[in-house]
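Reader: Before I trust any labels, I'd like to hear the reasoning behind them. Can we go through it together?

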Amino acid sequence: MLFGVTGGTGAQLLAQALDAGHQVTAVARDPARIPATAPGARLTVLPGDALAPEAWRQAVTGHDAVLSCLGSTDRKHPTTVYSQGTRNIVEAMRASGVGRLLCLSSAGLEITAEVPPPQRLVTRYVIQRLYRHGYADMARMESFVRSTAADGTAWTVVRPPMLTDGPLTRTYRTAESGRLERPKSLSRADLAHYLLTHVDDRRTHRAVVEVAY
């Protein structure tokens, strides 16, 4: 089951999941934005909003996993789409017995000693300020997701760096519960590839993973 399918990464994830032969349920506020070329036989589209779970809560039952590419493009105002949207998803998963969640955050959320000084300055004084509302909500989301460990949810929080519209290369680096050295950008296509191909990877259960070139 996919959320955020009309965004750049979500659209790539939907296309790759269908190309791989998966049965997919996609939740979209505006189903008309889903490409008309998406194979209908293996795709169920539910009109709905992650912040209003009444429309899709019951449909979670029977899925192997939920992959969330939720995001907000509004940099001016506070948002709850990451935290409350993910909370709604997890609560529906609990009620339905679905135990696998992958969701997106950002590498810019945390500055550690491994981050080179120039990048540290840009992240702290430019990126974190520019995206302060989104980052604040991502932090709330990550805190909530981490707290679900006791209930058996096998979660993975994926932190990509700057995203591009580059091609699918299937060549990228990952760091599980750690930081990559000098991470560069990542294409949305490769981010989607990572999400799709690591659904069954037990090494990433209850882990924060960085993915980058």
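Author: Sure, and keep in mind that this is a predicted model. Let's begin with Asp165, which is exposed at a relative accessible area of 71%.

Reader: What makes Asp165 exposed?

Author: Exposed means over 50% relative accessible area. Asp165 comes out at 71%, so the label fits.

Reader: And why is its contact with Arg188 called a salt bridge?

Author: The rule wants a side-chain nitrogen of Lys or Arg within 4 Å of a carboxyl oxygen of Asp or Glu. Arg188 and Asp165 meet at 2.8 Å, N to O, and that makes a salt bridge. The pair links distant parts of the chain, with Arg188 in helix α5 and Asp165 in the loop between β7 and β8, 23 residues apart. Arg188 itself is partly exposed, at 24%.

Reader: How do you know whether α5 is enclosed or not?

Author: Eight of its 10 residues are buried, so the helix is largely enclosed by the rest of the structure. Among them are Leu191, His193 and Tyr194.

Reader: Why is the pair of Tyr172 and Tyr194 called edge-to-face?

Author: Ring centres have to lie within 6.5 Å, and planes over 60 degrees apart count as edge-to-face. Here the centres are 6.2 Å apart and the planes stand at 75 degrees, so the name holds. Tyr172 sits in the loop between β7 and β8, while Tyr194 is in α5, 22 residues away along the chain.

Reader: Are those two tyrosines buried or exposed, and how do you know?

Author: Buried means under 20%. Tyr172 has 19%, so it counts as buried, and Tyr194 has 1%, so it is buried too.

Reader: What other aromatic pair is edge-to-face?

Author: Phe3 and Trp56, with 4.8 Å centre to centre and 75 degrees between the planes. Phe3 is in strand β1 and Trp56 in the loop between β3 and β4, 53 residues apart. Both are buried.

Reader: On to α4. How do you know its length agrees with that of a helix?

Author: At 1.5 Å a residue, its 16 residues should span 22 Å, and the end C-alpha atoms are 23 Å apart, so the two agree. Its buried residues pack against α2, β5, α3 and β6.

Reader: Which salt bridges does α4 hold within itself?

Author: Arg140 pairs with Asp137, the closest N and O atoms being 3.0 Å apart. Those two are three residues apart, and therefore about one helical turn. Arg140 is partly exposed at 43%, whereas Asp137 is buried at 0%. Glu142 also forms a salt bridge with Arg146, at 3.8 Å, and Glu142 counts as buried with 4%. Arg146, at 44%, is partly exposed.

Reader: What makes Glu142 and Arg146 part of a network?

Author: Salt bridges link Glu142, Arg146 and Arg159.

Reader: Last one, the sheet. Why are β3 and β8 called edge strands?

Author: The open sheet has eight strands in the order β3-β2-β1-β4-β5-β6-β10-β8. β3 and β8 each have a single partner strand, so one side of each is left without a neighbour in the sheet. β3 pairs with β2 in the parallel sense over five bridges.

Reader: And what makes Pro47, in strand β3, exposed?

Author: Its relative accessible area is 54%, and the label needs over 50%, so Pro47 is exposed. Beyond its sequence neighbours within four places, Pro47 touches Ala28, Pro31 and Ala55. Ala28 is also its bridge partner.

How values were computed. Residues numbered from 1 in each chain as written. Predicted model: local features only at pLDDT ≥ 70, side-chain atom pairs only at ≥ 80, totals over all residues. Heavy atoms only, no water. Pairing = 2+ DSSP bridges. Helix = DSSP H or I, 4+ residues; strand = E, 2+ residues; numbered from the N terminus. Phe/Tyr/Trp six-rings, centres within 6.5 Å; stacked < 30°, edge-to-face > 60°. Buried < 20%, exposed > 50% of the residue type's maximum accessible area, 1.4 Å probe, protein only. Contact = heavy atoms within 4.5 Å. Expected span 1.5 Å × (residues − 1).
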